[in-house]
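Reader: Please present the model, so that its architecture may be discussed by question and answer.

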Amino acid sequence: MSRARFLICAATVAAAMLASPLAWSQAKPQRIEISAKRFSYSPGEITVKKGQPVTIVLKSQDVAHGLRLRDFGVNIRVKAGGTGEATFTPDKVGDFTGHCSVFCGSGHGSMTFTVHVVA
Ligand SMILES: [Cu+2]
């Protein structure tokens, strides 16, 4: 093997070793369970990292509910007592408000959720 070829080979191996922990973390989103009950979410806010994929698992404790996060193109809808999930990768830092996306009664309009995205 020529010296140049060896160097290219070594560089490829090093790059693969550096890249693999990242690939692993992206393949395993952080799972966060949220329960929905008229007319709030529990927890009502979460903090996640920019660039780190997250799976939100929404569980209804009573009637049908939803959770829409417009900023991240997420809309989870669940039936009464049901569970649903969605995965997204926050691509911007800030505080974002989500809303219930299934009419669930008198307090539906004020049923909100906050996502804090940190760097
Ligand atoms: Cu609702």
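Reader: Which residue of the hairpin of β5 and β6 takes a positive phi?

Author: This is a predicted model, in which local features need pLDDT of at least 70, side-chain atom pairs count only at pLDDT 80 or more, and totals for chains, interfaces and linings use all residues. Residues are numbered from 1 along each chain as its sequence is written. Strands (E, at least two residues) and helices (H or I, at least four residues) are DSSP runs, numbered from the N terminus. The hairpin of β5 and β6 has four residues between its strands, and the one with a positive phi, near 65 degrees, is Gly-73.

Reader: In which sense do β5 and β6 pair, parallel or antiparallel?

Author: Two strands pair if DSSP finds at least two bridges between them. In β6, Arg-77 is the bridge partner of Gly-66. Five bridges connect β5 with β6, and the sense of the pairing is antiparallel.

Reader: Is β5 largely enclosed or left open by the rest of the structure, and how many of its residues are buried?

Author: A residue is buried if 20 or more other C-beta atoms lie within 10 Å of its own, exposed if 12 or fewer, and partly exposed in between, with C-beta atoms placed from the backbone. Strand β5 is largely enclosed by the rest of the structure, because the buried residues among its five number four.

Reader: Which residues does Arg-77 contact, leaving aside neighbours within four places in sequence?

Author: Arg-77 belongs to strand β6 and is partly exposed, with 17 other C-beta atoms within 10 Å. Its C-alpha atom is 7.6 Å from that of Ala-64, a residue 13 places apart from Arg-77 in sequence. Two residues are in contact if their C-beta atoms, placed from the backbone, lie within 7 Å. Under the stated sequence exclusion, the contacts of Arg-77 are Gly-66, Gly-84, Ser-101 and Val-102.

Reader: Which members of the largest nonpolar core touch the most other members?

Author: A nonpolar core is a set of buried Ala, Val, Leu, Ile, Met, Phe, Trp, Tyr and Cys residues joined through C-beta atoms within 7 Å. The largest such core has 16 residues, and those touching the most other members are Ile-34, Ala-36, Ile-56, Leu-58, Leu-67 and Ile-76. Two or more residues of this core come from each of β1, β4, β5 (65–69), β6 (74–78) and β9 (112–118). As for one of these members, not counting residues up to four places away in sequence, Leu-67 touches Ile-34, Ala-36, Ile-56, Leu-58, Ile-76, Gly-98, Cys-100, Ser-101 and Phe-113.

Reader: What is the strand order of the open sheet of four strands, and what is its average twist?

Author: The sheet has mixed pairing and the order β2-β1-β4-β7. Since β2 (40–42) and β7 (83–88) each have a single partner strand, they stand at the edges, and one side of each is left without a neighbour in the sheet. For the twist, axes are lines fitted to C-alpha atoms, for helices over the stretch in contact, and angles run from 0 to 180 degrees between N-to-C directions. From one strand to the next, the twist averages 25 degrees.

Reader: How many bridges join β1 to β4?

Author: Strands β1 (residues 30–37) and β4 (residues 54–60) run parallel. Within this pair, Glu-33 stands opposite Val-57. The number of bridges joining β1 to β4 is seven.

Reader: Which peptide bonds are cis?

Author: One cis bond leads to Phe-39, in the loop between β1 and β2, and another to Pro-43, in the loop between β2 and β3 (45–49). The omega value is near 0 degrees for the bond from Arg-38 to Phe-39. It is about -5 degrees for the bond that joins Ser-42 and Pro-43.

Reader: Is Val-118 buried or exposed, and which residues does it touch?

Author: Val-118 has its place in strand β9. With 11 other C-beta atoms within 10 Å, Val-118 is exposed. Not counting residues up to four places away in sequence, Val-118 touches Thr-47, Lys-49, Lys-50 and Val-93.

Reader: What percentage of the residues of the protein chain count as buried?

Author: The secondary structure of the chain consists of one helix and nine strands. Among contacts between residues at least 6 apart in sequence, 63% join residues at least 24 apart. Of the 119 residues of the protein chain, the proportion that count as buried is 18%.
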